[in-house]
Structures are given as structure tokens and as C-alpha cells.
Amino acid sequence: MSAPLPILQLVDSSALPEHTVSADERLDSHYFIQWNLKRWRKSQFRQLAEPEVGWFGFLLFCEAHDETPVGTLPVSEELLAKALGITIERWRQLCARKITPLHNWTQALCDNGEVRLVHPVVTEVVRDALDRRDVRKASSEGKAVYQRQQRLSEAMRDIGCDKAVCADRVLIERLDAWLLENHHGQRRMPQFEASISRALRHAAEQGWMGRVIRKV
């Protein structure tokens, strides 16, 4: 049998680069991998690797997205072979080729203290997915906040607040923040009306408004 590759040998972790993706990051809804077809076709791995090596390498790209930290692989030969569904002997045969399934994978130190294998392109894809997730989350949260504040404005109008007060977005944002801190439970009438009244009194005391609060 071939000897294990140097990349799988133990090294001083203090000399390793730090992986840039935290072990705390999750991509639970990451069902699709962004794949740059032209980049893949022109890569040395695609052009020089034997077909079965290329296939197993591609499977490792996919496997890495379900690992922790996301986008990494274990250094263990046994775990890598198991992930591919092959024997350790066949894995070592693949790793004895000029181009191996671990082409361009290197070791890095992760923030959970583990030494893992990382690949620059896989890390790039993961970082892009994390950025897209954060944008979607911010957009979703922003929409939820807007809708909650819109319902507050409508509730204030229903209980007789002046139209100009209900349309004051800065005031509505401040009242909403106060209610998040001081109103417990769902925003349902009549309990919510009492909380709105308390919020409006607080707003007046703080000088947030100089307008009529309720219609006479």
C-alpha cells in the first residue's frame, strides 16, 4: 500500500494559517452550491486529473459543505475514505496519483481548535453563501420590522391618535422600540391599547413629540 500523503501527516498547528470561517457558522438551508462552470473547465484539476480522481474530488467539494466548519474536510484518511464510500486502500491508491482528490487542499487551524483541510475555491463559495444568507436575513428582518411598525401606526389610528402622529416615522420607531421593552405578550387589544397609552405618555415626557396625541 502507498504511504499516506504528507498533507495528512501531523504538523505543528501553531505554524498553520487560520481558517476564516468560524465553526459557529451554519448554512442549514444551503441546498445549492454556486458553481463557476468556466472556472471549473479551465482549472488544472479538471484538465489534468484522471476521470475517477476528478469525480471523487468533486464529491469532496460537495461533502465539505456539510462539515464543521462549513467548507472544510477532516485530515483523517479513514474519514475521507468513508465520506466517499471507498476503502482506505483505494483512497491511498488515489492519493498516489500525480493529481489527487485533495488537489489544492491544505491544512488550516480552525477557531474550534481543530486542524482541518481547506480549499481556496470552496472557502470562497462558502463565504459568498454566508454573505448572501446575511443579506437575506437582514432583508427579512427589515421587512418584519417595517410591518410591525406599520401595524402599530394603524393601531394608534384606530384608538384615535392624530393622523400626523401616526404618520411620524421617527416617533413610530421610538414607540415601537419602547413597546418591545415594556409590552409583554402579543400586541392585541385591549391590552395593547393600554401599552400604547403608556408609550405615548413616555414619548411626551421625553420630548419626542409636540403634537396632539389624540383627537378631541
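In strand β3, Val118 is the bridge partner of Thr106. Strands are DSSP runs of E of at least two residues and helices are runs of H or I of at least four, both numbered from the N terminus. The structure is a predicted model, in which local features need pLDDT of at least 70 and side-chain atom pairs count only at pLDDT 80 or more, whereas totals for chains, interfaces and linings use all residues. Residues are numbered from 1 along each chain as its sequence is written, and side-chain values use heavy atoms, with hydrogens and water left out.

The pairing of Thr106 belongs to a set of 4 bridges that join β2 (residues 106-109) to β3 (residues 115-118), and these two strands run antiparallel. Two strands are taken as paired if DSSP finds at least two bridges between them. Further along the ladder, Gln107 has Leu117 as its bridge partner in β3, and Leu109 has Val115. The hairpin of β2 and β3 has 5 residues between the strands, and Gly113 takes a positive phi near 90° there. On β1, Thr72 has Val118 of β3 as its bridge partner; 2 bridges join β1 to β3, again in an antiparallel arrangement. The result is an open sheet of 3 strands in the order β1-β3-β2, with antiparallel pairing. Its edge strands are β1 (72-73) and β2, each of which pairs on one side only.

Leu73 of the sheet also takes part in the interior. The largest nonpolar core, a set of buried Ala, Val, Leu, Ile, Met, Phe, Trp, Tyr and Cys residues joined through side-chain atoms within 4.5 Å, holds 28 residues, of which Leu73, Trp91, Leu102 and Trp105 touch the most other members. Burial is defined as under 20% relative accessible area, with exposed meaning over 50% and partly exposed in between (1.4 Å probe, protein chains only). Helices α3, α4 (77-84), α5 (88-95) and α6 each supply at least two residues of this core, and α3 gives the most, with 5 residues. Contacts, meaning heavy atoms within 4.5 Å, link Leu73 to Leu60, Glu63, Ala64, Leu80, Leu102, Trp105, Arg116 and Leu117, not counting residues up to four places away in sequence. Apart from this core lies another, of 18 residues, among them Cys161, Leu171, Ala203 and Met209.

One of the contacts of Leu73, Glu63, lies in helix α3 (residues 51-64). Glu63 counts as partly exposed because its relative accessible area is 26%. Leaving aside neighbours within four places in sequence, Glu63 is in contact with Leu73 and Ala83. The C-alpha atoms of Glu63 and Leu73 are separated by 7.8 Å, although the two residues are 10 apart along the chain.

Aromatic rings were also examined. Rings of Phe, Tyr and Trp (its six-membered ring) pair if their centres lie within 6.5 Å, and planes under 30 degrees apart count as stacked, over 60 as edge-to-face and the rest as tilted. By this rule the count comes to 5 aromatic pairs. One of them, formed by Phe45 and Phe61, is edge-to-face, with 6.1 Å centre to centre and 65° between the planes. Phe45 lies in helix α2 (residues 44-48) and Phe61 in helix α3, so this pair ties together parts that are 16 residues apart in sequence. Both Phe45 and Phe61 are buried, and together with Trp40 and Trp105 they form one aromatic cluster.

Helix α9 (residues 191-206) has 16 residues and reaches 23 Å from its first C-alpha to its last, close to the 22 Å expected at 1.5 Å a residue; the expected span is 1.5 Å times one less than the number of residues. Its buried residues are Phe192, Ser195, Ile196, Ser197, Ala199, Leu200 and Ala203, and they pack against α6 (120-158) and α8 (169-182). After α9 comes Gly207, whose phi is positive, near 75°. Within α6 is found Gln149, which is buried because its relative accessible area is 8%. Not counting residues up to four places away in sequence, Gln149 touches Arg169, Ile172, Glu173 and Asp176.

The structure holds 0 disulfides, a disulfide being a pair of cysteine sulfur atoms within 2.5 Å. Cys95 is buried, with a relative accessible area of 6%, and Cys110 counts as buried at 4% relative accessibility.
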